Structures are given as structure tokens and as C-alpha cells.
Amino acid sequence: QVQLVESGGGLVQAGGSLRLSCAASGSILFINTMAWYRQAPGKQRELVAAVTRGSITNYADSVKGRFTISRDNAKNTVYLQMNSLKPEDTAVYYCNADIVTITSGILRNYWGQGTQVTVSS
């Protein structure tokens, strides 16, 4: 089985910074794209940022220039550095990854349990 465990969420004032981490564990053979999504109350889950195994990145327009996604393939970990945070960034942030496991040999999509980020004005 595969687990994605997020950490680093919390409460921060507007203009502040947070760094989220997500570590994948289990019988992992290969991790393709890793990403961060977020879901605010009453809204649909949306893509925040994604990074391929070759470190090609993609960002939502709302976070470009403020957030940076990165990954450490040796540690099966993805990070999200969030700077200049705004109250509208308040949401539950979810880690997502496309993973091939040793047991199945099949590419499947996995989600973390989510971590709350709250930005106060």
C-alpha cells in the first residue's frame, strides 16, 4: 500500500510564509507527477501546482510568483513553499501523486489526507 502524508500547515498572518511537505511511503517503484491541490469551504478542489519527475512545473495563475513547488525524488517527497500568503489562500491543501507500486506495476493516483492552511487578515 501507498501512503501520502502531508505536514507543515497551520495559521499564518497575511504576507507570511509556510512550507508544506508530503512524503510518499510504501511499496513504491516509481512516482511520476506530484501535485498540490486545495479546497476552500464551499468551493471545488483546484490544482495549485504540479511537478513532473523531471522537475517541469505548472502553477495556477492565482499562485504564480508566490508559491514554489519542488520535489526530492530520493526521498519520494514533494514540497510547496508558499510566500506572500493571502486570506484567499485559506483552504485544506492535499498532496496528490501518480505512483507505480512494486506489487501492481500499474500507475495509480493517490491522495493525502490534507492539511489545513489558514491565512488571517
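Arg38 is buried in the predicted model, with a relative accessible area of 6%. This residue lies in strand E4, which spans residues 28-39. Its side chain takes part in a salt bridge with Glu46, in which the closest N and O atoms are 2.7 Å apart. Unlike the buried Arg38, Glu46 counts as partly exposed, at 34% relative accessibility.

Two further side chains make polar contacts with that of Arg38. One belongs to Asp89, at 2.9 Å, and the other to Tyr93, also at 2.9 Å. With neighbours within four places in sequence left aside, the surroundings of Arg38 include Gln44, Arg45, Glu46 and Val48. Ser62, Val63 and Phe67 are also in contact with Arg38, as are Glu88, Asp89, Ala91, Val92 and Tyr93.

Asp89 is in turn the salt-bridge partner of Arg66, the closest N and O atoms of this pair being 2.7 Å apart. The Arg66–Asp89 pair links distant parts of the chain, its members being 23 residues apart. Arg66 is situated in the loop between strand E6 (57-59) and strand E7 (67-72), whereas Asp89 occupies the loop between strand E8 (77-82) and strand E9 (91-101). Both partners are buried: the relative accessible area is 11% for Arg66 and 0% for Asp89. Through salt bridges that share partners, Arg38, Glu46, Arg66 and Asp89 are joined into one network.

The model contains four salt bridges by the criterion applied. Among them is a pair formed by Asp61 and Lys64, with the closest N and O atoms 3.1 Å apart. Asp61 counts as exposed because its relative accessibility is 64%, above the 50% limit for that class.

Strand E7 contains Thr68. At 42% relative accessibility, Thr68 is classed as partly exposed. Outside its neighbours within four places in sequence, Thr68 is in contact with Tyr59, Tyr79, Leu80 and Gln81. The C-alpha atom of Thr68 is separated by 9.6 Å from that of Asn58, a residue 10 positions away along the chain.

Conventions
Residues are numbered from 1 along each chain as its sequence is written. This is a predicted model: local features need pLDDT of at least 70, side-chain atom pairs count only at pLDDT 80 or more; totals for chains, interfaces and linings use all residues. Side-chain values use heavy atoms; hydrogens and water are left out. Buried means under 20% relative accessible area, exposed over 50%, partly exposed in between (1.4 Å probe, protein chains only). Helices (H or I, at least four residues) and strands (E, at least two) are DSSP runs, numbered from the N terminus. Contact means heavy atoms within 4.5 Å. A polar contact is a pair of N or O atoms within 3.5 Å; within protein, one must be able to donate a hydrogen and the other to accept it, and residues adjacent in sequence count only if both atoms are side-chain atoms.
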